Amino acid sequence: MKNYYVESSSAALSEHGMDFFFQRSRKGTISAHDHIHEQLEFIYVTEGEFRAFVNDSEYLLRSGDMLFMRSNAVHRIFALDSPELSYYVLKINVSVVFELASEKNAADYVLRLVLDKGGAKTHWLAGEEDTQRIARCFERLIEEYRVQAACRDMSMKLWASSVVLETLRSLMALESPETPEEGAGSNLTAQIYRVIKHINRHYSEPLDAEECAKKANMSYSYFSRSFKRITGKSFKEYLNFVRVSHADQLLYSGDKGITEIAMECGYNNVSYFISVYKKMKGQTPLKLRKKETVQ
């Protein structure tokens with residue numbers, strides 16, 4: 001059973017920090033199987049209709065639509081019944097955002113792009129004002145891709161960065177205005193981002209909010225409030241989110257037992273792991289595995 005795979009970086013991603021390509025599909029086929037990667041991914045539909053699944057959400061994509069996949073989002077795409085079916089794919093490393101932004105704002109921008117606080121926008125419909133701005137950047141990117149003029153590598157990276165920029169602006173415009181807490185600012189965002197990276201790298205180990213607060217040089221109460229405000233999740237909720245996401249990867253892509261998966265994802269108590277998983281996913285890990293095996 002191998003219904004889900006972790007996609008490795010292409011040569012273009014390694015060399016330029018981005019990859020851009022054209023995808024043509026046949027009706028009724030799978031355009032992209034279940035997969036996951038750390039890069040930000042943008043799908044820009046040029047012809048036909050597709051059905052996309054991102055984590056637990058489903059989207060109908062039509063010509064002129066854009067779909068945005070955040071880091072480590074499980075996604076797959078099906079081509080529907082249209083005579084012509086095609087789209088462009090842009091993948092870009094998160095490190096590119098750090099290169100483009102000032103040190104002051106980089107962590108804030110990256111968090112907005114990689115974190116889904118719950119209900120974050122993923123699908124941009126053709127005709128929307130924000131979509132039109134993003135589409136113009138895509139059209140210039142497509143033009144450079146096709147023409148192969150002088151300095152093509154520079155131009156493509158600039159227009160790819162513009163896609164990211166307009167997407168970020170659109171996401172920021174959707175946020176409700178908030179009054180920052182006293183002392184909150186870019187340094188605070190950077191501190192929380194460092195903790196998030198620590199969680200993503202060490203999720204299989206015992207992790208404690210108080211210890212992470214110390215790593216961030218913050219009091220426990222201030223750390224807890226700040227973490228929730230910036231990520232939309234409490235420390236415990238985010239830790240469980242990361243652990244369950246990695247459990248999904250193991251459930252989809254291997255034959256390890258539930259107990260072994262629980263241990264690898266940082267849960268010493270298997271019953272607690274099953275309880276957390278069911279609460280987040282609406283079904284037990286064993287039920288999910290049986291359903292995927294039947295499919």
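1. Start with the core of this predicted model. The largest nonpolar core takes in 54 residues, and the ones with the most contacts inside it are Phe42, Phe138 and Phe223. Looking for the main contributor, you land on helix H6, residues 186-202, which gives the most to this core with 7 residues. There is also a second core, separate from that one, with 16 residues; Tyr59, Leu61, Ala73 and Leu85 are among them.

2. Phe42 is a good residue to click on next. Setting aside neighbours within four places in sequence, Phe42 touches Met66, Leu67 and Phe68, then Tyr88, Val89, Leu90 and Ile92, and also Phe138, Val163, Val164 and Thr167. In the strand pairing, Phe42 stands opposite Phe68 of S7, and Phe68 is also one of the contacts just named.

3. Now the sheet. Five strands make up an open sheet, and reading across you get S2-S9-S4-S7-S10, with antiparallel pairing. Strands S2 (18-24) and S10 (123-124) are at the edges with a single partner strand each, so one side of each has no neighbour in the sheet.

4. S4 deserves its own point. On one side, S4 (residues 40-47) pairs with S7 (residues 66-69) in the antiparallel sense, over 4 bridges. Besides the Phe42 and Phe68 pair, Glu41 of this stretch stands opposite Met69 in S7. With strand S9 (residues 86-92), S4 shares 7 bridges, again running antiparallel, and here Val45 stands opposite Tyr87. S4 is also mostly covered, with 6 of its 8 residues buried. As a reminder while you rotate the view, side chains in a regular strand alternate between the two faces of the sheet.

5. On to helix packing, beginning with H4 and H5. Helix H4 (residues 129-147) packs on H5 at about 170°, with the axes 9 Å apart; angles over 145 degrees count as roughly antiparallel, and so that is how H4 and H5 are described. H4 brings Asp130, Arg133, Ile134, Cys137, Phe138, Arg140, Leu141, Glu144 and Tyr145 to the contact. From H5 come residues including Arg152, Met156, Trp159, Val163, Glu166 and Thr167. By class, the residues of this contact split into 9 nonpolar, 4 polar and 6 charged. Note that Phe138 turns up here as well as among the residues with the most contacts in the largest core.

6. H3 meets H5 at another angle. The axes of H3 (residues 106-114) and H5 (residues 152-174) come within 10 Å and cross at roughly 80°; the two helices are therefore roughly perpendicular to each other. Tyr109, Arg112 and Leu113 of H3 make the contact with Val164, Leu168, Leu171 and Met172 of H5. This contact has 6 nonpolar residues, no polar ones and 1 charged. Val164 is also on the contact list of Phe42.

7. Finally, some whole-chain figures for context. The chain has 12 helices and 10 strands, and 46% of its 295 residues count as buried. Taking contacts between residues at least 6 apart in sequence, 73% join residues at least 24 apart.

Notes
Residues numbered from 1 in each chain as written. Predicted model: local features only at pLDDT ≥ 70, side-chain atom pairs only at ≥ 80, totals over all residues. Heavy atoms only, no water. Pairing = 2+ DSSP bridges. Core = buried A, V, L, I, M, F, W, Y, C linked by side-chain atoms within 4.5 Å. Buried < 20%, exposed > 50% of the residue type's maximum accessible area, 1.4 Å probe, protein only. Contact = heavy atoms within 4.5 Å. Axes fitted to C-alpha atoms, helices over the stretch in contact; angles between N-to-C directions. Parallel < 35°, antiparallel > 145°, perpendicular 65-115°, else oblique. Nonpolar A, V, L, I, M, F, W, Y, C, P; charged D, E, K, R; others polar.
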